[in-house]
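Subject: A structure for you to look at

Hi there,

Here is the structure I promised you, with its sequence alongside. Have a look at it first, and then read on for what turned up.

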Amino acid sequence: MKEAAAVAFDFIKDKIVTEKIDSFSEVGEGEAKVIRYESESYALYKENDGTLHLLKSTCPHAGCEVRWNSAELSWDCPCHGSRFNVNGKILTGPTTKSLQKVFSYQKRDS
């Protein structure tokens, strides 16, 4: 019962509390954030070389919002433990689908 209540709390809180940014430049290298843009939630990670990875932040398993795990460099679902790499590919289940990739952009040196 306690675990179900915690999952429900995380599900609702993460749908409401997301950061709004005006530009990807607000995210530092090696940093990740769950952001909101036009009522959609996204998982954004910027590698140390400036490469950006933008994914839909909703776990396909149960609809919870993923959170960044800086120790493992992964997006983790707090509801059932699914984990995804920076490109949204599954690391561990129970999900059977990857996070939806919006784009990856590699910074080019001029």
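How many disulfides does the structure hold? There is one. Please keep in mind as you read that this is a predicted model. In case the term is new to you, a disulfide is a covalent bond between the sulfur atoms of two cysteines. Here the bond joins Cys64 to Cys79, with a distance of 1.8 Å from S to S. Cys64 sits in the loop between strand 3 and strand 4 (67-69), while Cys79 sits in the loop between strand 5 (74-76) and strand 6 (83-84), so the disulfide ties together parts that are 15 residues apart in sequence. The torsion about the S-S bond of Cys64 and Cys79 is about -95°, and therefore this disulfide is left-handed. Are these two cysteines buried or exposed? Both Cys64 and Cys79 are buried.

You may also spot Cys59 and Cys77. Why is there no bond between them? The closest cysteine sulfur to that of Cys59 is in Cys77, but at 3.9 Å it is too far for a bond; a disulfide needs the two sulfur atoms to be within 2.5 Å. Cys59 has 2% relative accessibility, so it counts as buried. Cys77, at 6% relative accessibility, counts as buried too. The cut-off behind both calls is that buried means under 20%.

Now for the sheet. Which strands form it, and in what order? Four strands make an open sheet in the order 1-2-3-8, with antiparallel pairing. Strand 1 (31-37) and strand 8 (101-105) stand at the edges with a single partner strand each, which means that one side of each has no neighbour in the sheet. From one strand to the next, the twist averages 15°.

It is worth following the pairs one by one. Strand 1 and strand 2 are antiparallel and share seven bridges. In this pair, Ala32 stands opposite Tyr45 of strand 2. The hairpin made by strand 1 and strand 2 has two residues between the strands, and Glu38 in this hairpin takes a positive phi near 45°. Moving on, strand 2 (residues 40-46) runs antiparallel to strand 3 (residues 52-56), and five bridges join them. If you look for Leu44, you will find that its bridge partner in strand 3 is Leu54. As you trace a strand, remember that in a regular strand the side chains alternate between the two faces of the sheet.

Enjoy exploring, and write back with any questions!

Best wishes

Terms used
Residues numbered from 1 in each chain as written. Predicted model: local features only at pLDDT ≥ 70, side-chain atom pairs only at ≥ 80, totals over all residues. Heavy atoms only, no water. Pairing = 2+ DSSP bridges. Axes fitted to C-alpha atoms, helices over the stretch in contact; angles between N-to-C directions. Buried < 20%, exposed > 50% of the residue type's maximum accessible area, 1.4 Å probe, protein only.
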